[in-house]
Amino acid sequence: MAADKKDLLKALQSQIDEIMAAPSGSFGLDEPQVSSGSFDADEHRAPSVSSRSTEHQASSIPSCADGSRDASPCVDSLREEMSRIEANSSGGVSASFDCLTPEGRKAFIRLQDLCSYSEYSACKMRTRLVREEFSQDAASEAVDYAVALNLINDQRYAEALISTRLRAGKGQVAIERDLRSHEIDPSTVPGWPEVYWEQWGTEEDRAREDVARHPSHSKNPSASSYRRLLSRGFSPSVAHRVVSQAYGL
């Protein structure tokens, strides 16, 4: 097995070990605050992520909207990638770690550290790395490499984001706005929105449930409920129909 292939497998296994060592329910979306990883330029390899105390892990990882965090999809994906690399004599990726620039390697090590704790979109990871003073080129290089390894997967991120937002009672307008903020086209997400409506209920069903759970006591309850639905990300047409039905307008 080529040296770079072994390094990739070692890096992926380190990623899995770090995630599995975290406390139960301590993995989620978005951007955690964690310490920077290190890079050994002489070794030309990706070292394992540094160990951290359980207390630090628990305090540095953000929750999803419903407070739950599940690392299993990411771990399964990493294990699948390891199997693919082992089965593929070419290494299963478009470029080796050694082909990255020195700054690109450092950016990738930081990216790996961040991905140990949280699921990122490609867009948000590039932004995060640039904010940490990596160059735009190095950030893009590291993210492209992570995408090739399946450490970052926008489809996986989109599916997790949609489920989290639906669980929080958000409407389609808000969800699609969030997806676009990550440079993810909603039309490219498999099954969106029809398949999700089968599980979570249609827009009108969920809007009606929201109105029923949060009755307005204002002088103009229909207007108040209408504004609330808009703020939750439901479209004006859905909000109008549901409020009209609820208040007999």
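1. Let's start with a single residue. Glu132 is partly exposed, because its relative accessible area is 28%, which falls between the 20% and 50% cut-offs. Keep in mind as you read that this is a predicted model, so every value here is computed from predicted atoms.

2. Which residue does Glu132 pair with in a salt bridge? The partner is Arg110, and the closest N and O atoms of the two are 2.7 Å apart. This pair links distant parts of the chain: Arg110 sits in helix α4, while Glu132 belongs to the loop between α5 and α6, 22 residues apart. The background idea is a simple one: side chains of opposite charge can pair when their charged atoms come close.

3. Now compare the surroundings of the two partners. Arg110 has a relative accessibility of 3%, so it counts as buried, whereas Glu132 is partly exposed at 28%. Try finding both in the viewer and turning the model until you can see each one.

4. Next, look at the helix that carries Arg110. Helix α4 runs over residues 102-115 and has 14 residues, which should span 20 Å at 1.5 Å a residue; its end C-alpha atoms are 20 Å apart, so expectation and model agree. Is this helix largely enclosed or largely open? It is largely enclosed by the rest of the structure, because 11 of its 14 residues are buried. Among the buried ones are Gly104, Arg105, Phe108, Arg110, Gln112 and Asp113.

5. Two of those buried residues of α4 turn up again beside a cavity. The structure holds 2 cavities of 30 Å³ or more, and the second largest contains about 30 Å³ of space. Its lining is made of Leu8, Ala11, Leu12, Gln15, Phe108, Gln112, Leu149 and Leu151. Which helix gives the largest share of that lining? The answer is α1, with 4 residues. Both α1 (3-21) and α4 supply at least two residues each.

6. Glu141 is a good residue to puzzle over. It lies in helix α6, which covers residues 136-149. Glu141 is buried yet has no salt bridge, and the nearest side chain of opposite charge, Arg105, is 7.2 Å away. That distance is over the 4 Å limit used for a salt bridge, so the two do not count as a pair. Leaving aside residues up to four places away in sequence, Glu141 touches Cys99, Leu100, Thr101 and Gly104. One of these, Gly104, is itself a buried residue of α4.

7. Strand β2 is short enough to read at a glance, as it consists of residues 118-119. Glu119 is found in this strand and is buried, with a relative accessible area of 8%. Glu119 and Ile152 are 33 residues apart in sequence, but their C-alpha atoms are 7.5 Å apart in space.

8. Ile152 also meets a residue in the loop that follows. Ser121 lies between β2 and α5 (122-131). How accessible is Ser121? Its relative accessibility is 0%, so it counts as buried. Not counting residues up to four places away in sequence, Ser121 touches Ile152, Asp154, Tyr157 and His182.

9. For a second set of charged pairs, go to Glu204, which has two partners to look at. With Arg208 it forms a salt bridge whose closest N and O atoms are 3.5 Å apart. Glu204 and Arg208 are 4 residues apart in helix α10 (residues 203-213), so about one helical turn separates them. This fits a general rule: an α-helix has 3.6 residues a turn, so residues three or four places apart point the same way.

10. The other partner of Glu204 is Arg241, with the closest N and O atoms 2.5 Å apart. Here the pair links distant parts of the chain, with Glu204 in helix α10 and Arg241 in helix α12 (residues 236-247), 37 residues apart. Both arginines are partly exposed: Arg208 has a relative accessible area of 33%, and Arg241 one of 36%.

11. Finally, step back to the whole protein. It has 12 helices and 2 strands, and 47% of its 249 residues are buried. Of the contacts with a separation of 6 or more, 74% are between residues 24 or more positions apart. The salt bridges come to 14 in total.

Note on methods
Residues numbered from 1 in each chain as written. Predicted model: local features only at pLDDT ≥ 70, side-chain atom pairs only at ≥ 80, totals over all residues. Heavy atoms only, no water. Buried < 20%, exposed > 50% of the residue type's maximum accessible area, 1.4 Å probe, protein only. Lys, Arg positive; Asp, Glu negative; His and termini not counted. Contact = heavy atoms within 4.5 Å. Expected span 1.5 Å × (residues − 1). 1 Å grid on protein atoms, 1.4 Å probe; cavity = no way out; pocket = protein on both sides within 12 Å on 5 of 7 lines; lining within 4 Å. Points joined across faces, edges and corners; volume = space filled by probe spheres on them.
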